[in-house]
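Look at the chain below and find the metal ion first. The paragraphs that follow start there and then move outward.

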Amino acid sequence: MKELIKKLRLAVFLLLGLIILFSLYLAFFSKPEIYGLDSLSKLPRTKEIKLSVSDNVSSIKVDILQNGKRLNLFYRELGKDKNVNFTLKPQDHGVKDGKAKIVVQLKRWNLLTSVFELDTVVDTQPPRVNIIQAPYAVYQGGAGAIRLSVSEPVEIRVRVGEQSFKAFKVNDKVFISIFPVPADTPPNTYVWVFAKDEVGNESRVGTGIRVREFKFKTYTINLDGRELKILRKIEEILGEKVSPEGFVEAFKRINEDIRYKNEKRIRELALKSEAKKLWAGKFLQLKNSKVISLFGEKRNYRYKGKFISSSRHWGYDLASVKNAPVEASNSGKVIFTGYIGIYGNVVMIDHGLGIVSLYAHLAEYRVKEGDEVKKGQIIGITDATGLAFGDHLHFGLLVQGVEVNPIEWWDGKWIERNIQTVF
Ligand SMILES: [Zn+2]
């Protein structure tokens, strides 16, 4: 019995010993870890560095090795918080542009040191941008084009108010951008070009362009007496029965929620544009047609003496004869045919470099997705599908996913002076 207790006691001591040894091993010998080290692989003029280390790390030291010299960038003793955030400006530490090596030392309990190494590139020079060609004036709801050269590989964005748009590469040093001016951009908004190099240095260059005001029309439309006709359309679009008592609610749903969804879909589709110019010369307007509604119009709807809803019209409505043939307004590639709610049956054609045309309320298509089309080729037949009362074509133009005023693109002189100049 005594022997057994002795043996048990020995076993317990051995087990406790093992646990203590294992804990010591964890504390002293398990390798410390570091996260976010990659953020040190490219160093621009200034960078927010965010690292974190494992719990067993007591201090962190970040050095840089360059041309045989070792310079310290950062040192911190760590308490409970193992997140390490700091702003790094290489020039403040005497670091030069070019290749270098980052050496990070992590200490455990101020005894053992682990070293992490990483190749890095230091580039503190922001890209230089030179505007070669820019339009004299751009208008709300219009478009413009810029040609520019750059000093090093960059990503270019053209900023118009809240939004920014991409540029296409002509070669390593030259970019062009055809950019939209969203219709709700405030007048006098200045257009900027932002260039970001591969390391993350950014520069901003003024274009000299200020957005000019365009007078959009506002209409009030009375729905009294047209309820049944409108209800039939709403039912067609929603694919469900709507009771006459629910007219106002259903109209709001169509004119706001469904319209929002449909426009979002169209804008997303319009971003599928090729990086090359597929169009040439002016865009065609529907043959022998009369303009019945303009781009950018604001429509306020009233019912029983009360305002109930409003919307904006993002194209031109053109009426010709019933079931008139519709021509491709310019050469390009069909990127969509299908039903889009209030727009009814739609064809969308990509003309390249961000420019897409849209043909809505059609009866049928004469083309399919992927078809290459020539300017003037018949692509469909007009009708009144979707939220349309009477046969007409809704023609829209989008630049980089933003609706613009087709009137500019129907004008050969405007294209020559404002777009063609950048090629
Ligand atoms: Zn329309």
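H394 is buried, with a relative accessible area of 4%; buried means under 20% relative accessible area, exposed means over 50%, and partly exposed lies in between, computed with a 1.4 Å probe on protein chains only. This is a predicted model, in which local features need pLDDT of at least 70, side-chain atom pairs count only at pLDDT 80 or more, and totals for chains, interfaces and linings use all residues. Residues are numbered from 1 along each chain as its sequence is written, and side-chain values use heavy atoms, with hydrogens and water left out.

H394 is one of the residues that hold the zinc ion. The zinc ion is coordinated by H313 through NE2, D317 through OD and H394 through ND1, at 2.0 to 2.1 Å. Donors here are N, O and S atoms within 2.8 Å of the metal (3.2 Å for Na, K and Ca), and water is not among the atoms, so sites may look incomplete. Along the sequence the donor residues follow the spacing H-x3-D-x76-H. H313 sits in the loop between β21 (306-312) and β22 (316-319), while H394 sits in strand β29, so the pair ties together parts that are 81 residues apart in sequence. Helices (H or I, at least four residues) and strands (E, at least two) are DSSP runs, numbered from the N terminus. Like H394, H313 is buried, with a relative accessible area of 5%.

H394 also belongs to the lining of a cavity. On a 1 Å grid over the protein atoms alone, a cavity is a set of points where a 1.4 Å probe fits but cannot get out, whereas a pocket is an open set with protein on both sides within 12 Å along at least five of seven lines; lining residues have an atom within 4 Å of a point. Grid points are joined across faces, edges and corners, and a volume is the space filled by probe spheres set on the points. There are two cavities of 30 Å³ or more. The second largest has a volume of about 40 Å³, and its lining consists of I266, W314, Y343, L358, H394, G396, L398 and E403. The largest share of that lining, three residues, comes from β29.

The largest cavity holds about 60 Å³ of space. Two elements, β23 (325-327) and β29 (393-399), give two or more residues to its lining. By class, this lining has seven nonpolar, two polar and two charged residues; Ala, Val, Leu, Ile, Met, Phe, Trp, Tyr, Cys and Pro count as nonpolar, Asp, Glu, Lys and Arg as charged, and the others, Gly among them, as polar.

The zinc donor D317 leads on to the largest pocket, with a volume of about 520 Å³. Of the 25 residues that line this pocket, the closest to its centre are R299, Y301, D317, L387 and F389. The most residues, three, come from α3.

Finally, consider the packing. A nonpolar core is a set of buried Ala, Val, Leu, Ile, Met, Phe, Trp, Tyr and Cys residues joined through side-chain atoms within 4.5 Å. In the largest such core, with 37 residues, I178, Y359, I379 and W409 touch the most other members. β29 gives the most to this core, with four residues. At least three residues come from each of domain 3 (129-212) and domain 4 (218-422), where the bounds come from an automatic or database domain assignment.
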